[in-house]
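The following exercises are to be worked through with the sequence and the structure at hand. Each task is followed by a solution in steps.

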Amino acid sequence: MSTLARARCTIGAHPSALDTALAAAVLICMVAGSFVDPHGPEGVSWGLRTPDALSLALMTAGAAALAFRRREPMTVLVVTGCVSVVESVTGDPRAPVVMSAVVALYTVAASTDRPTTWRVGLLTMTVLTGAAMLAGPLPWYAQENLAVFAWTGIGATAGDAVRSRRAFVQAIRDRAEKAERTREEEARRRVAEERLRIARDLHDVVAHHIALVNVQAGVASHVMDRRPDQAKEALAHVREASRSALDELRATVGLLRQSGDPEAPTEPAPGLARLDELVGTFHHAGLRVEVARTDHGTELPAAVDLAAYRIIQEALTNVQKHAGRQAKAEVSVVRVGPNIEVTVLDDGTGDGEAPDPAVGGGGHGLLGMRERVTAVRGTLTTGPRYGGGFRVHAILPVRNRTDATKGPV
């Protein structure tokens, strides 16, 4: 910290000491100015005259009042104005007591608003100048009287300028602090959204692949003794599902790396182009899945494509876990106007693993699907079907917000 900055901090920490020092300096200036004889034979001259006792008392009173200018600016202005009027009427030659009133008027202007400065400044200028012109010993047009008018105007103007600058600087600081708070809040919001998105991806990957591993492991255990060839095939599917789970987990967790890390994932996020591969993993797990698509040629935004894939993945995983061994699932992906509709139906009897009742009977899976759909400004409808089974229906916009300015897909 520089010497000037340290001095400013010291002065700001002791305002009363600064006011006392200012009052002493003003008193010295007034006493020194009282030795000037403006009416000498050759104009203004330095004399050795001694001010009279009343002038000294008025100068002392005016300077002493300035020591309290920050605490009671209006009261100090009234006191200094009164002693200035008395000196203007009685002093001959006149002592510069009005200097204390000018400092007090500056303080009022610097600490109040502009309308108050105008009213108080005009009143002070009128009273002091009028008293000097009408009741003083000098002619009304004397330079000393005009100087009273000029110096009071300068004091009010300077105080208002300082107040305006302080208000401007404070407004800049407030805007900077508000912008900083806004940036921090935006950063926290983005971090929370990214954390939630990664949590959804982890849930989808783990739930899907672990469910397949569980089913295939159960098949292998069941037929190990009687049909070892089928058990080997089931174990191969277990190995393939676990490898896929590790790959997707590695890609998802890789999103947490810094952008400069060399091991950051470069593989694109899964989408409907891998739907056949996804359905094939469920076929190997023993789930019958039929797929109907009329969306060929439709280019989806990355977020919508990923959401559609994850919805189908989670819905089929729920069918695998909860719908029973004989359940059949139907997947349809249909382009309807500006939207793409994804539907997953099953005819399960619900004799599989009991669903988690935490979120409407579907654990975090339904919640994750709903969050994904909401993120791309779509709609999701889920619920049991009449006669048995479950239905998941999502309507996703073909164009998201970032593609709104582009032409039709």
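**Exercise 1. The chain as a whole**

Of the contacts in the protein chain with a separation of 6 or more, what percentage is accounted for by residues 24 or more positions apart?

Solution. The model under study is a predicted one. In this protein chain, 67% of the contacts with a separation of 6 or more come from residues that are 24 or more positions apart. For the inventory of secondary structure, the chain has eleven helices and seven strands. As to burial, 37% of its 409 residues count as buried.

**Exercise 2. The packing of two helices**

Describe how helix H3 packs against helix H4.

Solution. Step one is to choose the quantities: two packed helices are described by the angle between their axes and the distance between the axes.

Step two is to state them. Helix H3, residues 53–66, and helix H4, residues 73–90, pack at an angle of about 165°, and their axes are 9 Å apart. Angles over 145 degrees count as roughly antiparallel, and H3 is therefore roughly antiparallel to H4. The crossing of H3 with H4 is left-handed.

Step three is to identify the residues of the contact. H3 contributes Leu54, Ser55, Leu58, Ala61, Gly62, Ala65 and Leu66, while H4 contributes Val76, Val79, Thr80, Val83, Val86, Glu87 and Thr90. By class, these residues comprise nine nonpolar, four polar and one charged.

**Exercise 3. The five-stranded sheet**

Determine the order of the strands in the open sheet, and then follow its pairings.

Solution. Step one concerns the order. The five strands follow one another as S3-S4-S5-S7-S6, with mixed pairing. At the edges are S3 (288–293) and S6 (379–384), each of which pairs on one side only. On average, neighbouring strands of the sheet are turned by 10° against each other, direction ignored.

Step two takes the pairings in turn.

- S3 and S4 (residues 328–336) run parallel and are joined by six bridges; arginine 288 has lysine 328 of S4 as its bridge partner.
- S5 and S7 run antiparallel, with eight bridges between them; aspartate 346 has phenylalanine 390 of S7 as its bridge partner.
- S6 and S7 are also joined, in the antiparallel sense, by six bridges; threonine 382 has valine 392 of S7 as its bridge partner.

Step three examines the hairpin of S6 and S7. Five residues lie between its strands, and glycine 387 in this hairpin takes a positive phi near 95°.

Step four adds the helices that lie across the sheet. Helix H9 (residues 275–284) lies across S3 and S4 and runs at about 165° to S3. Helix H10 (residues 302–322) lies across S3, S4, S5 (339–346) and S7 (390–397), running at about 10° to S5.

**Exercise 4. Two alanines of one helix**

Why does alanine 217 count as partly exposed?

Solution. Step one locates the residue: alanine 217 is in helix H7, which spans residues 143–223. Step two applies the cut-off. Partly exposed residues lie between 20% and 50% relative accessible area; alanine 217 is partly exposed because its relative accessible area is 36%. Step three compares sequence with space: alanine 217 and leucine 235 are 18 residues apart in sequence, and their C-alpha atoms are 6.7 Å apart.

Repeat the steps for alanine 150, which also lies in helix H7. Its relative accessibility is 37%, so alanine 150 counts as partly exposed. Between the C-alpha atoms of alanine 150 and methionine 125 there are 8.5 Å, with the two residues 25 apart along the chain.

Technical notes
Residues numbered from 1 in each chain as written. Predicted model: local features only at pLDDT ≥ 70, side-chain atom pairs only at ≥ 80, totals over all residues. Heavy atoms only, no water. Axes fitted to C-alpha atoms, helices over the stretch in contact; angles between N-to-C directions. Helix = DSSP H or I, 4+ residues; strand = E, 2+ residues; numbered from the N terminus. Parallel < 35°, antiparallel > 145°, perpendicular 65-115°, else oblique. Left-handed = near helix turned anticlockwise from the far one by under 90°. Contact = heavy atoms within 4.5 Å. Nonpolar A, V, L, I, M, F, W, Y, C, P; charged D, E, K, R; others polar. Pairing = 2+ DSSP bridges. Buried < 20%, exposed > 50% of the residue type's maximum accessible area, 1.4 Å probe, protein only.
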